Amino acid sequence: MEIGPVKCVVLWSAGDKHGALETLGVREGYRVDVDVPVTTRAQALSFHNILIFNTGHWWWAPSKFDPVKSPMLFFKNGQPVIPPLRPDQDLDLVLKHMIPYVEGKKARPGALKFFRTQSPRHFEGEDWDQGGSCQRDRPLVTLEVLLPFRVEELFSVKNNGTNVEGRLVNKHLYKALKGSGFIILDITHLSEFRADAHLASGGGKKHDDCMHWCLPGMTCS
């Protein structure tokens, strides 16, 4: 989920003192300081001529950041943001701090700044932990007569599609990056057509995993 110099998530637990979060009944979660840079990432900004940032599905991942049991807790100036924000508000807040930080005198003069969108997953039936599968061996273009409709059925926000988080994040990225010096590398939509272009299973996993193939696009041409 890390998108550049903004601090990565760390586990937070309630303390003995009755702070703002404890008063709300929050016992644990994941702390994110929106205005505290990761030291090593911040130092890298002035060293490289090409900078590539990305973020993705964790913003809408209740299986990881349960909104009740283990929410993301955002801090600014060392204090929790109260009341706690929704995922979309959290993302907007992080981008609000991250973009000017990079563009301010932190990046090397003349450096190319890219923001790459998320590669989609292609589970059908259910999600990865609910018996869903990702076993297609051909591009959707060769399998579906009504291709545009089928792709929208699988991925659209309106239909709460398989990769809905990716499209939701992209909407916020486009809005936040408008007028900035970042170049958007949108690989999400073109990759949606290529359910065949990545490994569905491997690494000894007991379930299909077409999310963590860790490449910025399709593995074949």
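Where along the chain is the place of P83? P83 is found in the loop between strand 5 and helix 3. I begin there, colleagues, and note at once that what you see is a predicted model.

The peptide bond that joins I82 to P83 is cis, with an omega of about -5°. As background, most peptide bonds are trans, and most residues other than glycine have a negative phi. The second half of that statement brings me to another residue. N77 is not a glycine, yet its phi is positive, at about 55°. N77 belongs to the loop between strand 4 and strand 5. With a relative accessible area of 62%, N77 is exposed, because the cut-off for that class is over 50%.

G78 is also placed in the loop between strand 4, residues 72-76, and strand 5, residues 79-80. The relative accessibility of G78 is 38%, so G78 counts as partly exposed. In sequence G78 and D35 are separated by 43 residues, while their C-alpha atoms are 8.8 Å apart in space.

Let me now step back to the overall architecture. The protein chain contains six helices and seven strands. Their order along the sequence is β-α-β-α-β-β-β-α-β-α-α-β-α. Of the 221 residues in the protein chain, 41% are buried. Taking contacts between residues at least 6 apart in sequence, 70% of them join residues at least 24 apart.

I turn next to the aromatic residues. How many aromatic pairs does a search of the whole structure find? The search finds three, and I shall describe two of them, beginning with F53 and F182. The ring centres of F53 and F182 are 5.6 Å apart and the planes stand at 65°, so this pair is classed as edge-to-face. F53 is part of strand 3, residues 50-54, and F182 is part of strand 7, residues 182-185; the pair therefore ties together parts that are 129 residues apart in sequence. F53 and F182 are both buried.

F182 also pairs with F115, in a tilted arrangement, with 6.3 Å from centre to centre and 55° between the planes. Here too distant parts of the chain are linked: F115 lies in strand 6, residues 112-116, and F182 in strand 7, 67 residues apart. Like F182, F115 is buried. Through these ring pairs, F53, F115 and F182 are joined into a cluster.

A further aromatic ring, that of F75, has a charged partner: R31 lies over its face, 3.8 Å from the ring centre.

My final topic is the packing of helices. At what angle do the axes of helix 3 and helix 5 cross? The axes of helix 3, residues 87-106, and helix 5, residues 164-177, cross at roughly 35° and come within 10 Å of each other. The crossing is right-handed. From helix 3, the contact is made by D88, L91, D92, L95 and I99. From helix 5, the residues in the contact are V169, H172, L173, A176 and L177. By class, the residues of this contact comprise seven nonpolar, one polar and two charged.

To close, I return to two points. The F53, F115 and F182 cluster is built from ring pairs, and the bond between I82 and P83 is cis. Thank you for your attention.

Methods: Residues are numbered from 1 along each chain as its sequence is written. This is a predicted model: local features need pLDDT of at least 70, side-chain atom pairs count only at pLDDT 80 or more; totals for chains, interfaces and linings use all residues. Side-chain values use heavy atoms; hydrogens and water are left out. Rings of Phe, Tyr and Trp (its six-membered ring) pair if their centres lie within 6.5 Å; planes under 30 degrees apart count as stacked, over 60 as edge-to-face and the rest as tilted. Helices (H or I, at least four residues) and strands (E, at least two) are DSSP runs, numbered from the N terminus. Buried means under 20% relative accessible area, exposed over 50%, partly exposed in between (1.4 Å probe, protein chains only). A charge sits over a ring if NZ of Lys or CZ of Arg is within 6 Å of the ring centre and within 35 degrees of the ring normal. Axes are lines fitted to C-alpha atoms, for helices over the stretch in contact, and angles run from 0 to 180 degrees between N-to-C directions. A crossing is left-handed if the near helix is turned anticlockwise from the far one by less than a right angle, and right-handed if clockwise. Contact means heavy atoms within 4.5 Å. Ala, Val, Leu, Ile, Met, Phe, Trp, Tyr, Cys and Pro count as nonpolar, Asp, Glu, Lys and Arg as charged, and the others, Gly among them, as polar.
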